[in-house]
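Colleague: I should like to go through this model with you and ask what stands behind each term applied to it. Please set each value against its criterion.

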Amino acid sequence: MTKPSLPDLLHAAVSAVGGTERPGQVAMAEAVAEAIDDNTHRLIQAGTGTGKSLGYLVPALAHGERVVVATATLALQRQLVERDLPRTVDALHPQLRRRPQFAMLKGRSNYLCLHRLHEGAPQDEEEGLFDQFEAATPTSKLGKDLLRLRDWADETETGDRDDLTPGVSDKAWSQISVSSRECLGATKCAYGAECFAEAARERAKLADVVVTNHALLAIDAIEGAPVLPQHEVLIVDEAHELVSRVTGVATGELTPGQVNRAVKRAAKLVDEKTADALQTASESFERVMELALPGRLEEVPEDLGYALAALRDAARNVISAIGATRDKSVHDEDAVRKQALAAVEGVHGVAERILLRSEYDVVWYERHDRFGATLRVAPLSVSGLLREKLFEDRSVVLTSATLKLGGDFNGVAASLGLSPEGVEGDDAPVWKGLDVGSPFDYPKQGILYVAKHLATPGREGTRGDMMDELAELIEAAGGRTLGLFSSMRGAKAAAEELRGRLDNPVLLQGEETLGELIKAFAADPKTCLFGTLSLWQGVDVPGPSCQLVVMDRIPFPRPDDPLMSARQKSVEEHGGNGFMAVAATHAALLMAQGAGRLVRAGGDRGVVAVLDPRLATARYGSFLRATLPDFWYTTDRNQARRSLAAIDATAKAEGK
């Protein structure tokens, strides 16, 4: 039987989802197929509207080897598993003569734990051991959530938190879930045969396509113990997010509250002397943390060093002692022991890591008004880890609408541990970059307006001229505005100011769930939506409700961000341009994502307005502009207003 051609398969899949075949999608599918066949790697930039999911799914399914697809967002995971994969498999079945299986796999804490649901969560000592469902007042929010979870447990087939609608608080979910460290293991657990997490793993082992998230991919790479099934092809979608997600997984933290919980959980499982030593070390650590000031610790201060060494040593002794102690008064001893071990091992691991003082780690204090001080440790770079773990023994395709920064792939490639394109070293993974473009006509559909006449934003204080400019732009647009701010404080200040000035409703992130805010924004063209980081990347509102996207300033990382400033300094110490490699690259990624909110469909028209003159005047401005979609560019404020007014008038004439 002749093998079906890739163009025929792609045509069948696109028809099945009611889409339109695009040249960029065809080019992408061919590049993915070539990478899989040659066992090489690709970085593929595919603009909004390309149909990139089918661009990688069709060649991956046609190849027939197991594929892992890792995404950053829940929305894309759902789209793949609930829409794209079922339709694509159905469409390809007649030509492939087989029906590829697919499955979703997440970290263990995303699944309901039947053991914890039925036996109760081991509680901290002063709370006693009790049934959390009985203890939570049925009329309280927590009580209602827990009762709803118990009912849901009887009907859910997956136990997946994301299948529960509406969702519940983290506190409620923590009562019926466990981390991988706390899990008893399927063979030791009375509910092992019915376990949702184990069932998900078994489905993944049998699937041809496993859809997972960046965090689980990072855990699989970092912890050495394989979480994902063996696979021949890895596709990383939303790949611009990968480095920050891997960094998050590789970051450790210690707080007095966390150490205190570990002490309480271990107290009944070890002798008094061993427990007292951990308690004393915990108190010393808490005293040090009370005086902690936010910022990077270039050296571990002497008092912190002593406190961490005491914690490390006491935790190590507890870990050794737990294995040998049996206390008959402890109910459900295996679960209590496992939870205590997980807590104490967490404390021991972070304390030991900080005391090692590796030149490849960054250590800093954070202080929160409500929660007090936190001690954090994160890798200076994850590029070496990704180079070593990501690109071995499989073909890797990384794709996103935003992978070319300043006009090429080398910035993102370097963050992934890859050499510049075309440079081959002894152990350097071979890769190629491909920009398949976008089906949208950006110069005709959008304008990039930079408010060159405004004052350069300072670190503090309100920007009166910026507020005036923002108000005038919104009035010209008739509302229809997505405001992207570099800080929550800036978003709040703008919302408060403009609610007093304009007749247009202004929604503010945090005042309602993100989903509800986006729904309300999309429903009423007069409405504006203001917010910060998640709005820069998480809003998909095609049509006339979003015809003006405003960025208040270039979103450079804060100068006092310990990790970013440490990375910048490291690049400079190695002879590079730290500002361009770290701060400008960070800003470019965010700005490209933010500007991408404007044109989401072929008929969309609008303006991206950047209220920061540095985009037009600073030397790095051209690098940032080269990363944005190729909109028509102007610094003429009157032109921007006239264009917005014309777009608004057209929408109104069409009854929108």
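Modeller: The discussion below takes up burial, strand pairing, cores and salt bridges in this predicted model.

Colleague: What makes Glu198 count as buried or exposed?

Modeller: Buried means under 20% relative accessible area. Glu198 has 19% relative accessibility, and therefore counts as buried.

Colleague: And how is Arg108 classed, buried or exposed?

Modeller: Arg108 has a relative accessible area of 13%, which is under 20%, so Arg108 is buried.

Colleague: Why is the contact between Glu198 and Arg108 called a salt bridge?

Modeller: The criterion asks for a side-chain nitrogen of Lys or Arg within 4 Å of a carboxyl oxygen of Asp or Glu. The side chains of Glu198 and Arg108 meet at 2.8 Å, N to O, so the pair satisfies the criterion. Glu198 lies in helix 9 (residues 196-206) and Arg108 in the loop between strand 3 and helix 5 (114-119), so the salt bridge ties together parts that are 90 residues apart in sequence.

Colleague: How do you know that Asp163 and Arg78 form a salt bridge?

Modeller: Their closest N and O atoms are 3.4 Å apart, which is within 4 Å, and the pair therefore qualifies. This pair links distant parts of the chain: Asp163 is in the loop between helix 7 (141-155) and helix 8 (170-174), while Arg78 is in helix 4, 85 residues apart.

Colleague: Why are Asp163 and Arg78 called partly exposed?

Modeller: Partly exposed covers the range between the buried cut-off of 20% and the exposed cut-off of 50%. Asp163 has a relative accessible area of 33%, so it is partly exposed. Arg78, at 23% relative accessibility, also counts as partly exposed.

Colleague: What classes do Asp560 and Arg558 receive?

Modeller: Asp560 is partly exposed, with a relative accessible area of 41%. Arg558 stands at 54%, and exposed means over 50%, so Arg558 counts as exposed. The two residues form a salt bridge, the closest N and O atoms being 2.9 Å apart. Elsewhere, salt bridges that share partners join Glu469, Glu472, Arg637 and Arg641 into one network.

Colleague: How many salt bridges does the rule give?

Modeller: The count comes to 37 salt bridges.

Colleague: What makes strand 2 and strand 5 a pair?

Modeller: Pairing requires at least two bridges between the strands. Strand 2 (residues 67-71) and strand 5 are joined in the parallel sense over four bridges, so the requirement is met. Val67 stands opposite Val233 in strand 5. Strand 5 also pairs in the parallel sense with strand 10 (residues 395-400), again over four bridges, and there Val236 stands opposite Leu398.

Colleague: Why is strand 5 said to be covered on both faces?

Modeller: In a regular strand the side chains alternate between the two faces of the sheet. In strand 5 (residues 233-236), Val233 and Ile235 on one side and Leu234 and Val236 on the other are all buried.

Colleague: What does the largest nonpolar core contain?

Modeller: It has 89 residues, and those with the most contacts inside it are Leu43, Leu398 and Leu416. The largest share, seven residues, comes from helix 24 (residues 578-595). Leu416 touches residues including Leu43, Leu242, Phe391 and Leu398. Apart from this core lies another, of 40 residues, among them Val259, Ala262, Ala275 and Ile322.

Colleague: Where does helix 4 bend, and what covers its buried residues?

Modeller: Helix 4 (residues 74-96) bends by about 40° at Leu80. Leu80 is one of the buried residues of helix 4, as are Leu76, Asp84 and Leu92. Their cover includes helix 1 (6-16), helix 3 (52-63), strand 2, strand 3 (102-104) and strand 4 (209-213). Just after helix 4, Arg97 takes a positive phi of about 60°.

Colleague: Why are strand 14 and strand 18 called edges of their sheet?

Modeller: The sheet is open, with seven strands in the order 14-15-13-16-17-12-18 and parallel pairing. Strand 14 (506-508) and strand 18 (632-634) each have a single partner strand, so one side of each is left without a neighbour in the sheet. Neighbouring strands of this sheet are turned by 20° against each other on average, direction ignored.

Terms used
Residues are numbered from 1 along each chain as its sequence is written. This is a predicted model: local features need pLDDT of at least 70, side-chain atom pairs count only at pLDDT 80 or more; totals for chains, interfaces and linings use all residues. Side-chain values use heavy atoms; hydrogens and water are left out. Buried means under 20% relative accessible area, exposed over 50%, partly exposed in between (1.4 Å probe, protein chains only). Helices (H or I, at least four residues) and strands (E, at least two) are DSSP runs, numbered from the N terminus. A nonpolar core is a set of buried Ala, Val, Leu, Ile, Met, Phe, Trp, Tyr and Cys residues joined through side-chain atoms within 4.5 Å. Contact means heavy atoms within 4.5 Å. The bend at a residue is the angle between axes fitted to the seven residues ending there and the seven starting there. Axes are lines fitted to C-alpha atoms, for helices over the stretch in contact, and angles run from 0 to 180 degrees between N-to-C directions. Lists of a residue's contacts leave out its neighbours within four places in sequence.
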